[in-house]
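Reader: I'm new to this one. Can you walk me through it?
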Amino acid sequence: MRRSRRDIALPYAMVAPLLVFIGALALYPTVLTAYGAFVHNDALDPPNHFTGFGNFQSVFSNPQVRQSLENTGLYVVFGVLLSVGLGTFFALLLQRRFRGRGIILALMVLPWALPGVVEGVIWSWIYDPTFGVLNSTLKSVGVISQYQLWVGTHQIESIFFISLVQVWQITPLAAILVLASMQAIPGELYEAASVDGARGWTLIRRLTLPLVRPALAIAVVEGLVMSLNIFDQVYVLNAGATNASSLMTETYQIAFNDLNFGQGYALSLLATVTTIVLSLLAVRFIYRKVEF
Amino acid sequence: MRRSKFGWLRGVGIVVLLLWSLFPVYWALNTSLMTNAEAQSSTPHFFPTHFQFSNYEAIFGIGPSSASTAGGIGRAVVNSSIESLGATLLTVVIAVVGAYAFARLRFRFRGPLFYVVLATLTLPVYATLIPIYEILTHLGLVNTYLGIILVYTSGFLPLAMWIMYNMFQALPVSIEEAATIDGASTLQTFRSIVLPLVRPGMAATAIITFLFGWGQFIFPLVLGSTNSTEPLTVALSALAGRHVVPYTMINAAAIVAIAIPAVIVFCLNRWIVDGIVAGSVK
């Protein structure tokens, strides 16, 4: 059958809006970032000129940038371990059908649906050093003898408590991914395993976890990307201080407060490449197709 | 299935899950209904003793305590709604049409173009933030709804396209083949046969896109310098950053920002879970 000219043009017309958007506001900007990283572009020190690796040298010799790199490493470690660990735990809790499971699942998803800024705000009130419920509760139970400044004094402690807010947000995602994967496991496998005498923890460790490995891989990548890009929670909870700054807040600071776009671009390029490389590595190492 | 001795352990686990997921939101709600004095008492009050709405009145600029400390939240709610809904509408329409072409139609460069679109899924915010600011400044779209909607749409499209692509893939081809044999054109088949079948998928995509739009922070923070387009997230962080605003009022504003996503999650939960799963396969 001959295809009319209209039929041939149709698919292109259908994908055109998609491609225009992605071309103009995703790919083109990415190219600009890659190019801008090598150009001196400082609003306070014009004009712009090609500088090779000059921007990279400047950012790496900046102690605040180095601090934020180290902090981001910690955000990634806390973010990935806690969100995947807790998400898997929640998925295991919800694996079997029981009355009320649907409602619990809906309630569990709530933190995922909330804006990161809002989460930062409500947790900062929980963490509050003078009136926070974390302090008052822990003190009345006797865990702490005096009120603590959870975010602000100690670097690792600050990062842990800020990271916890993001973990609160992304854990439901990990739980849903792992749960969906658990529900695809054929019931006969469990029957066979329990006939063989496997119970409880052994069953989870030897049967369930290996079979949901691909979902765990996706959850790790999601956690990785989210924590490498952590901004909202840090912006709200770490306002003013620098000891828990992340790569993203530092980039924002350099580009939009110091108005040094060149160095902002250099950090952006670095972060983009790191995100993509780490995601690919995580997929490669953890992902392995599972056959039932 | 047999009840295992782990039954009570799971019960404890579920209590932990619920406390973890809900307590922070409950605490904000609780605080938002308290007076400032009660919120600052040294023993935690897990229920407000003088249930009152003055904090909400204040942030919306109603009543006596609506000083210059707060206010502007009403405008921010309108801004957030316009921006999220605009981006959702645009994203879903473009993604559905494009995803169908990629899933079902044959054309030159289909494979490479598809992978280009998918590859942008991996791009972090860093990759585009500063250039988008420069591009929008250049086009005069800073501080406009249109600018923000265009930026959101470009950011949400890859995931929306991927979710819809997987939804189309899950449909049996035979229905469309039958329609084609009956003489329906590609467009007719798409419009009257396929679209009604993927309505749940479109709903899932729309809900997830809307929630992403509602939660956006860094782009509107950078792209707006006045409160004419400022969404709730930016307004809330500004409110929290001003240290004179009482925490009861800040929590009231946070609850306003939580209310819409919370209603969506409780009413449309099924679709959200489906959408998340469809957006992650492979």
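Author: A term to start with: a nonpolar core is a set of buried Ala, Val, Leu, Ile, Met, Phe, Trp, Tyr and Cys residues joined through side-chain atoms within 4.5 Å. Note also that this is a predicted model.

Reader: OK. How many residues are in the largest nonpolar core?
Author: It has 173 residues. Those with the most contacts inside this core are A:Tyr127, B:Met161 and B:Phe168.

Reader: Which helix gives the most to it?
Author: Helix 7 of chain A, residues 155-183, which supplies 15 residues.

Reader: And B:Phe168, what is it in contact with, leaving aside neighbours within four places in sequence?
Author: B:Phe168 is in contact with B:Val96, B:Ala99, B:Tyr100, B:Ala103 and B:Arg104, and also with B:Phe190, B:Val194 and B:Val198. Apart from the largest core lies another core, of five residues. Among them are B:Ala87, B:Ile148, B:Ile149 and B:Phe156.

Reader: Switching to helices. At what angle do helix 4 of chain A and helix 14 of chain B pack?
Author: About 65°, with their axes 10 Å apart. Helix 4 of chain A covers residues 101-113, and helix 14 of chain B covers residues 269-278. Their crossing is left-handed.

Reader: Which residues meet there?
Author: From helix 4 of chain A, A:Leu105, A:Ala106, A:Val109 and A:Trp112; from helix 14 of chain B, B:Asn269, B:Ile272, B:Val273 and B:Ile276. By type, the residues of this contact are seven nonpolar, one polar and no charged.

Reader: Now rings. How many aromatic pairs are there over all chains?
Author: A search of the whole structure finds 37. One of the pairs is A:Phe53 with A:Phe56, which is tilted, at 5.8 Å centre to centre and 50° between the planes.

Reader: Is A:Phe53 buried or exposed?
Author: Exposed, because its relative accessibility is 57% and the cut-off for exposed is over 50%. A:Phe56 has 11%, and buried means under 20%, so A:Phe56 counts as buried.

Reader: Why is the pair of A:Phe256 and A:Phe261 edge-to-face?
Author: Because their planes are at 65°, and planes over 60 degrees apart count as edge-to-face. The ring centres of A:Phe256 and A:Phe261 are 5.7 Å apart. A:Phe256 is buried, with a relative accessible area of 16%, and A:Phe261 is buried at 8% relative accessibility.

Reader: Last one: which residues form one aromatic cluster with B:Trp20?
Author: The others are A:Phe78, A:Trp123, A:Tyr127, A:Trp150, A:Phe160, A:Phe161 and A:Trp168. A:Tyr127 also came up earlier, among the residues with the most contacts inside the largest core.

Note on methods. Residues numbered from 1 in each chain as written. Chains lettered and ligands numbered in written order. Predicted model: local features only at pLDDT ≥ 70, side-chain atom pairs only at ≥ 80, totals over all residues. Heavy atoms only, no water. Buried < 20%, exposed > 50% of the residue type's maximum accessible area, 1.4 Å probe, protein only. Helix = DSSP H or I, 4+ residues; strand = E, 2+ residues; numbered from the N terminus. Contact = heavy atoms within 4.5 Å. Axes fitted to C-alpha atoms, helices over the stretch in contact; angles between N-to-C directions. Left-handed = near helix turned anticlockwise from the far one by under 90°. Nonpolar A, V, L, I, M, F, W, Y, C, P; charged D, E, K, R; others polar. Phe/Tyr/Trp six-rings, centres within 6.5 Å; stacked < 30°, edge-to-face > 60°.
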